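Colleague: I am new to this structure and would like some help reading it. Could we go through it together, feature by feature?

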Amino acid sequence: MNGLERPVVELPIQVFPRPCEGPESFISRLAEANYLKPAYLSACLSKPPTERGTLSWSRLAAAAGQDRLELQEVLERTPPPSPVQLVCEYCGRAPRNSTPGPPPWWCSVRCRRRSDLVNSAPSSRGIIPGQRETLSCIACGTRFVRSTTKRREHDTCSPRCRERARRTKQAELDLYENPFAVEDEAS
């Protein structure tokens, strides 16, 4: 340690790093948890003597109270690629040809004609009898197909996800009503 480098102490309030979060976001959450300004903490954790230079992983690990290599691996991990699922714009089925072109995709000429009909008929409000739509489940993110004429309370793919979404919504309402409530560690 040279004369310009200040020692880093472990901050009193620790936060856990989120995978693929990135160091800037983690430093911001760590600073807010410890009632510091993110710019100040970032300057303290940068490589001396500039104090505005690049991030020092060893200083960040010391402030966070974690192993440097594990912290760096978690924060810099690249997120998994999102699965691209090609579905017909009208009915939600997979396209027949194996290499579809750019979007939109249709599974058949009939679906393409119906889609064109919906776009050209403003009085139909975009709905033709028997039309299906592709939605993402609000609980797990899985894509599913359902009829456009059916309206449900939740956009979920299964009763299990519907219950999970209901519990999440209820927990958010409970937290809104009592923001100082602390959840049990056992639950």
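Modeller: Gladly! Keep in mind that this is a predicted model. Let us begin with a cysteine: Cys20 is partly exposed, since its relative accessible area is 31%.

Colleague: How many disulfides does the structure hold?

Modeller: The idea is to look at sulfur pairs, and a disulfide needs two cysteine sulfur atoms within 2.5 Å. Here there are zero disulfides.

Colleague: Which cysteine sulfur is closest to that of Cys140, and why is there no bond?

Modeller: That is the sulfur of Cys161, but at 3.7 Å it is too far away for a bond. Cys140 itself counts as partly exposed because its relative accessibility is 37%.

Colleague: Now a helix, please. Which residues of helix 4 are buried?

Modeller: First the general idea: an α-helix has 3.6 residues a turn, so residues three or four places apart point the same way. In helix 4, which spans residues 68-76, the buried ones are Leu71, Gln72, Val74 and Leu75. They sit on the same side of the helix because they cover an arc of only 165° around its axis. Helix 1 (23-33) and helix 3 are among what covers them. On the face turned away from that buried side are the exposed residues Leu69 and Glu70.

Colleague: And a loop residue: is Ser56 buried or exposed?

Modeller: Ser56 counts as buried, because its relative accessibility is 8%. This serine lies in the loop between helix 2 (38-45) and helix 3 (57-64). Its side chain makes a polar contact of 3.2 Å with that of Ser58. Beyond its neighbours within four places in sequence, Ser56 is in contact with Leu45, Ser46 and Lys47.

Note on methods:
Residues are numbered from 1 along each chain as its sequence is written. This is a predicted model: local features need pLDDT of at least 70, side-chain atom pairs count only at pLDDT 80 or more; totals for chains, interfaces and linings use all residues. Side-chain values use heavy atoms; hydrogens and water are left out. Helices (H or I, at least four residues) and strands (E, at least two) are DSSP runs, numbered from the N terminus. Buried means under 20% relative accessible area, exposed over 50%, partly exposed in between (1.4 Å probe, protein chains only). A polar contact is a pair of N or O atoms within 3.5 Å; within protein, one must be able to donate a hydrogen and the other to accept it, and residues adjacent in sequence count only if both atoms are side-chain atoms. Contact means heavy atoms within 4.5 Å. The arc is that of the directions from the helix axis to the C-beta atoms.
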